[in-house]
Amino acid sequence: MGLGGCIILIAAGAILTFATDWDMQGVNLDLVGIILMVVGLIGVSTFSSIARRRRVVMPPSTPAVEEERRITRRDGYSDGYGV
């Protein structure tokens, strides 16, 4: 669940808790709203801690590049075009 889903949970929980006055038999909508807000807050804190860990940038270690030296002779016979 991303950050957007967590914010939607918090908003839905706040709406159920503070903006509705519905009465359902066997269901306490205030408690359901509080539970949704708590789950959304836990999700936001988890998401932010994971995102903070991902942002740590380690500079890549650059390996030493050794150039390969080729010994070439230009005597006319070593490259295949002899006289």
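Modeller: Quick ground rule: buried means under 20% relative accessible area, exposed over 50%, and partly exposed in between (1.4 Å probe, protein chains only). This is a predicted model, where local features need pLDDT of at least 70, side-chain atom pairs count only at pLDDT 80 or more, and totals for chains, interfaces and linings use all residues. Residues are numbered from 1 along each chain as its sequence is written, and side-chain values use heavy atoms, leaving out hydrogens and water.

Biologist: Okay, why does Leu-3 count as partly exposed?

Modeller: Its relative accessibility is 35%, and the in-between class runs from 20% to 50%, so Leu-3 counts as partly exposed. Leu-3 lies in helix 1, residues 3-19.

Biologist: What makes that stretch a helix, and how many helices does the protein chain have?

Modeller: A helix is a DSSP run of H or I with at least four residues, a strand is a run of E with at least two, and both are numbered from the N terminus. The protein chain has 2 helices and 0 strands.

Biologist: How do you know that the span of helix 1 agrees with its 17 residues?

Modeller: The expected span is 1.5 Å times one less than the number of residues. That gives 24 Å for helix 1, and its end C-alpha atoms are 23 Å apart, which agrees.

Biologist: Which residues of helix 1 are buried, and which are exposed?

Modeller: Cys-6, Gly-13, Leu-16 and Thr-17 are buried. Those four cover an arc of only 95 degrees around the axis (using directions from the helix axis to the C-beta atoms), which puts them on the same side of helix 1. Over on the other side, Ile-8, Phe-18 and Ala-19 are exposed.

Biologist: And what is Ile-10 in contact with?

Modeller: Contact means heavy atoms within 4.5 Å. Leaving aside neighbours within four places in sequence, Ile-10 is in contact with Leu-36, Met-37, Gly-40, Leu-41 and Val-44. Its C-alpha atom is also separated by 7.8 Å from that of Val-39, 29 residues apart along the chain.

Biologist: Why is Ile-10, which lies in helix 1, called partly exposed?

Modeller: Its relative accessible area is 24%, which is not under 20% and not over 50%, so Ile-10 is partly exposed.

Biologist: How much of the protein chain is buried?

Modeller: Buried residues make up 13% of its 83 residues.
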